[in-house]
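Me: I am new to this structure and would like to go through parts of it by question and answer. Please show it before we start.

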Amino acid sequence: MSARLPGGGLLIDRAKPLYITFNGRKLRAAEGDTLASALLANGQTLMGRSFKYHRPRGVVASGAEEPNALLTIGSGDTLEPNQRATTTEVFDGLEARSQNHWPSLEYDVGAVNAKLSRFLPAGFYYKTFLYPRAAWKHVFEPVIRKSAGLGPAPDRDARDPDTYEHFYVYTDVLVIGGGMAGLAAAEAAGAAGARVLLIEQAAHWGGRALVDDMTIDGQSGPDWVAGKLSALRAMENVELRNRTMGAGVYDHGYVLANERLTDHAPGADGPRHRLWRIRAGRIITATGAIERPLSFAGNDMPGVMLASAVRDYVALYGVSPGDRTVVVTNNDDAYQTALALVGAGLNVPAILDARAAPAGPLIDAARSAGIRVETGKAVASVNGKTHVQAVEVCDQAGEGTALETIPCDALAMSGGWSPVVHLWSHCGGKLAWDADNAMFAPDPDLPPTGADGQGFALAAGAAAGALMAGDALASGAEQGAAAAMALGHEPRDPGKVAAVEAPAQGPMAPVWLMPQGADIAHRSKAFLDFQNDVKVSDVQLAAREGFESVEHAKRYTTLGMATDQGKLSNINGLAILSDALGQPIPQTGTTTFRPPYTPISLGVIGGEARGPLFKPTRKTPIDGWLDANGAVWEPVADWRRPYALRRAGESTADAVTREILNTRRNVGLLDASTLGKILVKGPDAARFLDLVYTNMMSSLKPGRCRYGLMCTENGFLFDDGVVARLSEDSFLCHTTSGGSDRVHVWMEEWLQTEWWDLAVFTANLTEQYAQIAVVGPKAREVLERLGGMDVSREVLPFMGFAEGTLGGIAARVHRISFSGELSFEIAVPAGQGLAFWLACLEAGADLGIQPYGTEALHVMRAEKGFIMIGDETDGTVTPHDLNLGWAVSKKKADFIGKRAMERADLVRPDRKQLVGLETLEPRTVLPDGAHAVEGARLANGMANMIGHVTSTHFSPTLGRSIAMALIKGGAGRMGEVLEFPVDKGVTIRARVVDPVFLDKDGERQNV
Amino acid sequence: MLSLTCPNCGVTAEETEFAPGGEAHLKRMGPGADDAAFRDYLFQRKNPRGVHFERWRHAFGCGKWFHAARCTQTLEVFGTYTAQTSSVPDDIVAAIKARRPDWELDQ
């Protein structure tokens, strides 16, 4: 079994023990452990059950590529599923639980799936659960979802207590990866004077220099790393960040990186994760390489690990993965693992080398250390139930006949190395096949390109295919200098290359299946993708069934689609596919590499944009008073507006009724500040507005207001509002509350991109003014009491405006009405808005003045048949459809939308047209959006729908329900009774009437 | 995330600071245009793999519109220029030809 060794462990501090729990069991760990090393130190090699077959699984890797050891960390509000044990740093009190089993990790009922695996091949979902269709929803899917999967999602009531942030950075050179190559690249670029940011996903720096056998400039690997780090930290132009993962590379050298700040120290101040949004002149991907597993039967058994991971656990954490470790390999590198194990006093019964005649210093060293080296040999299968007990040895050239059983409790495998090319590839960097090392590596001639068309990324070290330590280091230094030079810096000491001594390695031999002729029984236990349970036999089946494209085979088998995105499985999988298709690997190609490199939290993607900061609410100057006086808020575009102002003991509906009746009988006060206000000024202002509005605006006299419509080039209505001509060359254009920004941008677009010859300026003054509507029969009396200007009918008639002061406050008073009542809309400077509001309330107190909200506004405008953009319009409605043809000029040669209005479809007589509706039963209110139907059903079985309700209310003024609707040929249907089926067996009948329900002649407003 | 330079204020900024405005150099079809020409003006847009002319607005900056000449395949930006023109300026054409010798302006 695995255990803590008496010595060793570069990253742990044995003097600082701490305690964690695993499935409720308390375990001792050391500061610096990862969760994986801590579990191994406690003999816990079984760490979870697999996704589909519930096979027992243990840790296979030592870094971000880990597919198996996914655990749920924390509980309650901080529960996080699917965390890799290999990258989770331990802290005192860490709670970890294994996943995807019931009732327990050791005895899992779902493991029966493994016995049924013959019936659960690739694509079985598509083949098996077809009929009956209803069973999919109620039987198959729930059962599959329950049995397959990884960790549970947090409880629905859980709330993430942590904070997250975004961080924006510009740098000359970004170096991703803090191994040998990354450190050398950062130093070279920094020495040349470039601003450098060096990031490393792990907590520690140095990569393989900490573990592998080498000396650099006469120093040990760890000493060299420590020296480089202090040299880099002393450079003012170099910034280093560990625990920061390069997540994705995007257009023009944009990079996202994820920094984990407090995962290892919960409770510490500050954000938990930080998303770095980096714009870099040059990016150096020094992301290293990942060792490949070998595909043999039982390669997923706990105790089977990557050879490099085995020596990582020994060297970095002082953990032995087993007392007796067999090494199986196709390359020299794995011999280092055997030597490291022997060096730690552990037993290596044999090295099984698939190559016929390996030779070189590492092989000699193994032999002289007394290790039995078997060449041309392979693992036929692995014995054991939940842990390796022995391996069956066979000839690599054969079909799997066992020659010998070697008892062991760990198996270290190496199928060669694959450069981590994800970040190089994200934004279009191309790969080339390196046949000597059987791997894809970045093609330096085809990097991702930036705004200037030049490559913006350089690969360095093992990530560039330089797998040997000396080559990797030289490549890092060279690329660091090249990146700085490309940005105009002069590299220093370009000839200086560190002297690296490391054992030479002979050629590897590609081994994609072990043994090469493995029969189906062996192939269907040889796993490619551990996390998604995809086997060699699944990929071969996909190829037989015609999934020849690697992208199709991936989706059919789910190879590489798990949270590890196939870091271990990709190359092995496409090699098997290539073999099945009888084509070379480069012809098969790779699947697309997509960000993020490893999963990042949803919290960090959101960053600070949470709760009230998600989207700030726009508030008017009166907002505070409304909030303190019973406002029932509703969102209106980015604003909040009061739906109604409720008094104590009153329902919202009662408040709306009271507000309407009081406004119609006495006087109401509305905060209309949200209304868009755009100043259009210049010698050509009138000409411009003639083009933007469907009406003629040039004929408007200064001091007068006119209701105007704006259409798109399609001829459809998109905004409306009152235009006031302030002077010969300036107009104030009112827009809808939601449309102020849109309309302003729209005007600027036409001015800047089409009619740039017009001398016009626009300014959006929406927030510069508070606008308050004083509405009702007693409105004039309120203003007269405030005093300061003449608001009589003679001086300020309907659709006029005047400027002056009211109650000592500068005011522009518009005689316009959206309710049909005598109404003044008064614009005052925003800072005086609340003062004016309070002055009106005081002046009108004994007249019964009451504020009203948006619902009262809606009902009163519907009583008058006034349209509302967004209710009566939906982007397919013309002014003529809404009986607003009077507001479309026939005299103007051109305006936006004029050409479209000539189209046959827009003059069709049976278009949907605006009508009023009165339900036959006056207290019944039609549901919003209800469809009117007529005649027989259509051929497809649907009812023949002829239109729909656009606004519908109970009118307290009229004591009955009223509605507006867009109905096919509505103008010709006056008096018809239409049917609105609203529920099973329930049909509401309503008569088509004029949409102006109240005061058709406008006598109430014209006083 | 493109990086663009606004020719109006000279600022080079992230794509999120700009708003895209679709194909550049459309000729407006007003009253009198025939149905086919009007349809094309409203709906027919080029979607080339390669050199493309686009409208952008520096929405969270100076607010001004400009044009960009860009390769939709490699995302190379050949240049940005004023929105107050109905044809591609000569220096932009030259900049494109320097990078894409086989390319011809099609207007």
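Me: Which elements do the buried residues of helix 6 of chain A pack against?

Reply: This is a predicted model. In helix 6 of chain A, the buried residues are Gly221(A), Trp224(A), Val225(A) and Lys228(A). They pack against helix 5 (180-191), strand 11 (215-216) and strand 12 (219-220) of chain A.

Me: Why are these buried residues on the same side of helix 6 of chain A?

Reply: On the other side of helix 6 of chain A, Ser230(A) and Arg233(A) are exposed. The buried ones are placed on the same side because around the axis they cover an arc of only 100°.

Me: What distance separates the end C-alpha atoms of helix 6 (residues 221-233) of chain A?

Reply: Helix 6 of chain A has 13 residues, and at 1.5 Å a residue these should span 18 Å. The distance between the end C-alpha atoms agrees with that, at 18 Å.

Me: Which are the edge strands of the open sheet in the order 3-2-8-6-7 (chain A)?

Reply: The sheet has 5 strands, and the pairing is mixed. An edge strand here pairs on one side only, which holds for strand 3 (25-31) and strand 7 (80-84) of chain A.

Me: Which residue of strand 7 of chain A does Ile73(A) stand opposite?

Reply: Strand 6 (residues 70-73) and strand 7 of chain A run antiparallel and are joined by 3 bridges. Opposite Ile73(A), in strand 7 of chain A, stands Glu80(A).

Me: Which helix of chain A gives the most to the side that touches chain B?

Reply: The contact takes 20 residues from chain A and 21 residues from chain B. On the chain A side, the most, 4 residues, come from helix 21 (residues 740-753).

Methods. Residues are numbered from 1 along each chain as its sequence is written. Chains are lettered from A and ligands numbered from 1 in the order in which they are written. This is a predicted model: local features need pLDDT of at least 70, side-chain atom pairs count only at pLDDT 80 or more; totals for chains, interfaces and linings use all residues. Two residues are in contact if their C-beta atoms, placed from the backbone, lie within 7 Å. Helices (H or I, at least four residues) and strands (E, at least two) are DSSP runs, numbered from the N terminus. The expected span of a helix is 1.5 Å times one less than its number of residues. A residue is buried if 20 or more other C-beta atoms lie within 10 Å of its own, exposed if 12 or fewer, and partly exposed in between; C-beta atoms are placed from the backbone. The arc is that of the directions from the helix axis to the C-beta atoms. Two strands pair if DSSP finds at least two bridges between them.
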